[in-house]
Amino acid sequence: LIIVVLALCGTLVSLQQTLVLPLLPDFPEILDTSTDNASWLVTITLLTGAVGTPIVSRLADMFGKRLMLVACLVSVIVGSAIGALSDSLALVILARGLTGIGTCLVPVGISIMRDHLPSDRVGSGVALMSATLGIGGAVGMPLAGVIYQNFDWQMLFVVSGGFAVIMLALVLRVVPESTVKTR
């Protein structure tokens with residue numbers, strides 16, 4: 001069950017990374033901005049994920065892996081809420097930046113698997129979590145297109161945030177805190 005929950009968290013991260021990609025040509029008009037400015041909607045998630053991953057990973061080793069997993073999911077939820085309620089470029093970039101911190105949960109999840117799974121299950125668990133990153137990306141783009149065609153663009157954030165709320169509840173219920181900590 002731990003593997004399934006953590007793999008779904010990986011899917012969430014990948015899904016939210018790709019949700020805005022099909023809308024990039026439309027965002028300059030939607031947000032009344034330039035194409036260059038709208039490209040920050042993708043860049044900011046990559047930036048916050050890249051900067052945050054070593055920091056969150058180290059904090060997870062020091063203060064608790066489950067705690068940092070929860071913090072990443074809360075960041076995705078807060079970012080999704082801001083994105084769902086915003087129509088200005090600055091706030092949507094902030095929202096995407098907060099959701100990009102969700103990327104940091106992948107190495108933390110893999111570390112949790114290493115701490116809690118029997119050694120013969122760790123390899124398959126890590127492989128599944130890695131595979132779900134691709135699955136989320138593959139599902140994210142067509143899903144974004146369907147959502148955008150049938151609903152408002154802000155519904156992308158509602159879907160991402162709703163999935164994150166479900167994952168947060170599952171993490172709190174299923175994933176134990178690791179007893180392995182460092183100074």
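In which helix does Met62 lie? In this predicted model, Met62 belongs to helix H4, which covers residues 40-63, and this residue offers a convenient point of entry into the fold. With a relative accessible area of 29%, Met62 is partly exposed, since that value falls between the 20% below which a residue counts as buried and the 50% above which a residue counts as exposed. Leaving aside residues up to four places away in sequence, Met62 touches Lys181, Thr182 and Arg183. Val139, by contrast, is separated from Met62 by 77 residues in sequence and by 34 Å in space, taken from C-alpha to C-alpha.

From this residue one can step back to the whole chain. The protein contains 9 helices and 0 strands, and the order of elements from the N terminus on is accordingly α-α-α-α-α-α-α-α-α. The radius of gyration is 16 Å, close to the 16 Å that the globule rule gives for 183 residues, so the protein is as compact as a globular protein of that length. The C-alpha trace spans about 50 × 30 × 25 Å along its principal axes. Of the 183 residues, 46% are buried, and among contacts between residues at least 6 apart in sequence, 81% join residues at least 24 apart.

The surface and the charges complete this general view. The accessible surface of the protein comes to about 8500 Å², and carbon and sulfur atoms account for 69% of that area. There are 9 positive and 10 negative side chains, and the centres of these two sets lie 22 Å apart.

Turning to the interior, Val106 lies in helix H7, residues 105-116. Its relative accessibility is 11%, so Val106 counts as buried. Apart from residues up to four places away in sequence, Val106 touches Val13, Met129 and Leu133. The C-alpha atoms of Val106 and Leu59 are separated by 14 Å, with these positions 47 residues apart along the chain.

Aromatic side chains offer another route through the structure. A pair of aromatic rings is described by the distance of the centres and the angle of the planes. When pairing requires ring centres within 6.5 Å, the count comes to 2 aromatic pairs. The rings of Phe27 and Trp153 have centres 5.6 Å apart and planes at 85°, so this pair is edge-to-face. The pair links distant parts of the chain, given that Phe27 is in helix H2 (residues 27-30) while Trp153 is in the loop between helix H8 (119-150) and helix H9 (155-174), 126 residues apart. Trp153 also forms an edge-to-face aromatic pair with Phe157, at 6.3 Å centre to centre and with 80° between the planes. Phe27, Trp153 and Phe157 thereby form one aromatic cluster. As for accessibility, Phe27 is buried, with a relative accessible area of 0%, Trp153 counts as buried at 6%, and Phe157 is buried as well.

A last stop is the loop between H2 and helix H3 (35-38), where Asp32 is found. At 71% relative accessibility, Asp32 counts as exposed, the value being over the 50% cut-off. Most residues other than glycine have a negative phi. Asp32, however, has a phi near 50°, a positive value in a residue other than glycine.

Key:
Residues numbered from 1 in each chain as written. Predicted model: local features only at pLDDT ≥ 70, side-chain atom pairs only at ≥ 80, totals over all residues. Heavy atoms only, no water. Phe/Tyr/Trp six-rings, centres within 6.5 Å; stacked < 30°, edge-to-face > 60°. Helix = DSSP H or I, 4+ residues; strand = E, 2+ residues; numbered from the N terminus. Buried < 20%, exposed > 50% of the residue type's maximum accessible area, 1.4 Å probe, protein only. Rg over C-alpha atoms; globule rule 2.2 N^0.38 Å. Contact = heavy atoms within 4.5 Å. Areas by Shrake-Rupley, 256 points an atom, 1.4 Å probe, with all protein chains shown as cover. Lys, Arg positive; Asp, Glu negative; His and termini not counted. Charge placed at Lys NZ, Arg CZ, Asp CG, Glu CD.
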